[in-house]
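Open the model in your viewer and keep the selection box at hand. We will go from one residue outwards, with a few stops on the way.

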Amino acid sequence: MTLLTTINPFYAARRQYIERRSPPAVAERIYAMLPQAPRTASPVPHLTSLYHNAVAGDYGNRSYPGNCGGNLIKDLLLYFRPQTVADPMTGSGTCQDVCNELDIPCTSGDIHQGFDACDQQGFRSTDRFDFIWAHPPYFRQKLYAADPRDLSRARSFDEFLVRYGQFIRNCAQALAPQGKLAVLVGDYTDREAGFLPLVYHTKRLAFDAGLRQHCTDIVRFSHGASSSKKVYRSVFIPGLHDICCIFEKGA
């Protein structure tokens, strides 16, 4: 007999015993009841600091390395209601697909298409955007392109931060007054460099670029991450979330 404690997210808390031939090392599913959010005038009332959506949506290509679902992007666009959007690291086109569905003009580019979002010359465009979505590489956690300009190909973490800082400055420059930059990023432990607090560095670099934080961080639960299907021999605390930081340009 194995005790499995299940907290129903729809208010009811209960305990039940489940018979198994051999007790599993970890329960397959554990539900946690999230705090109840206050009622506000938000156009997207379910958008809170804790973002849970196990359905990725029909956006982008889920087999693309590092692909994130499009629902958070969609909710942010419905909340901020921008007239123009940019995605300078478009990957498999998730943000573009969301914008197409919402009928919002979106300018996208990617290193696979020869567009270097970390170019010291900036985005080389006179356009200014109300909203920029960015899901950059988490250093070399996943390698994206063979192009040496690819941010995930940085030879050291220091080099990564230099180019990452240039990317954020490019985004800041491309924002319209009071425009928003949403960056989805997560901390991780590198085998050589150790624990890398990428959320901290993202904020530091954004503030250095003249941006200010617009609102609370959004903790996005990482449903469907490839690491969740792996078995590791090492001992560590698994990270099950990313952080979406939202910055704003001054008027």
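Start by selecting Ile218, which is buried, with a relative accessible area of 4% (buried means under 20% relative accessible area, exposed over 50%, partly exposed in between, with a 1.4 Å probe and protein chains only). Ile218 lies in strand E11, residues 218-221 (strands are DSSP runs of E with at least two residues, helices are runs of H or I with at least four, and both are numbered from the N terminus).

A word on what you are looking at: this is a predicted model, in which local features need pLDDT of at least 70, side-chain atom pairs count only at pLDDT 80 or more, and totals for chains, interfaces and linings use all residues. Residues are numbered from 1 along each chain as its sequence is written, and side-chain values use heavy atoms, with hydrogens and water left out.

Now show what surrounds Ile218. Setting aside neighbours within four places in sequence, its contacts include Leu47, Thr48, Leu72, Leu76 and Ile243 (contact means heavy atoms within 4.5 Å). Draw a distance from Ile218 to Leu47: the C-alpha atoms are 8.7 Å apart, while 171 residues separate the two in sequence. For the protein as a whole, residues 24 or more positions apart account for 67% of the contacts with a separation of 6 or more.

Next, select helix H1, residues 71-80. Because 7 of its 10 residues are buried, H1 is largely enclosed by the rest of the structure. The buried ones are Asn71, Leu72, Ile73, Asp75, Leu76, Leu77 and Phe80.

Step on to Arg81, which follows H1 and sits in the loop between H1 and strand E4 (85-87). Is Arg81 buried or exposed? Arg81 is exposed, with a relative accessible area of 58%. Check its backbone too: phi is near 55°, a positive value in a residue other than glycine. Most residues other than glycine have a negative phi. Another such residue to select is Gln178, with a positive phi of about 65°. Gln178 belongs to strand E7, residues 175-185, and counts as partly exposed at 47% relative accessibility.

Go back to H1 for the second largest pocket, which has a volume of about 250 Å³. Of its 16 lining residues, Ser42, Leu47, Thr48, Tyr79 and Thr216 are the closest to the centre. H1 gives the most to this lining, with 3 residues. The lining divides into 11 nonpolar, 5 polar and no charged residues (Ala, Val, Leu, Ile, Met, Phe, Trp, Tyr, Cys and Pro count as nonpolar, Asp, Glu, Lys and Arg as charged, and the others, Gly among them, as polar).

How many cavities of 30 Å³ or more does the structure hold? There is 1, with a volume of about 350 Å³. To find it, select Met89, Thr90, Gly91, Asp110 and His135, the closest to its centre among the 29 residues that line it. This lining has 16 nonpolar, 8 polar and 5 charged residues. On a 1 Å grid over the protein atoms alone, a cavity is a set of points where a 1.4 Å probe fits but cannot get out, and a pocket is an open set with protein on both sides within 12 Å along at least five of seven lines; lining residues have an atom within 4 Å of a point. Points are joined across faces, edges and corners, and a volume is the space filled by probe spheres set on them.

Finally, zoom out: the protein has 4 helices and 12 strands, and 41% of its 251 residues count as buried.
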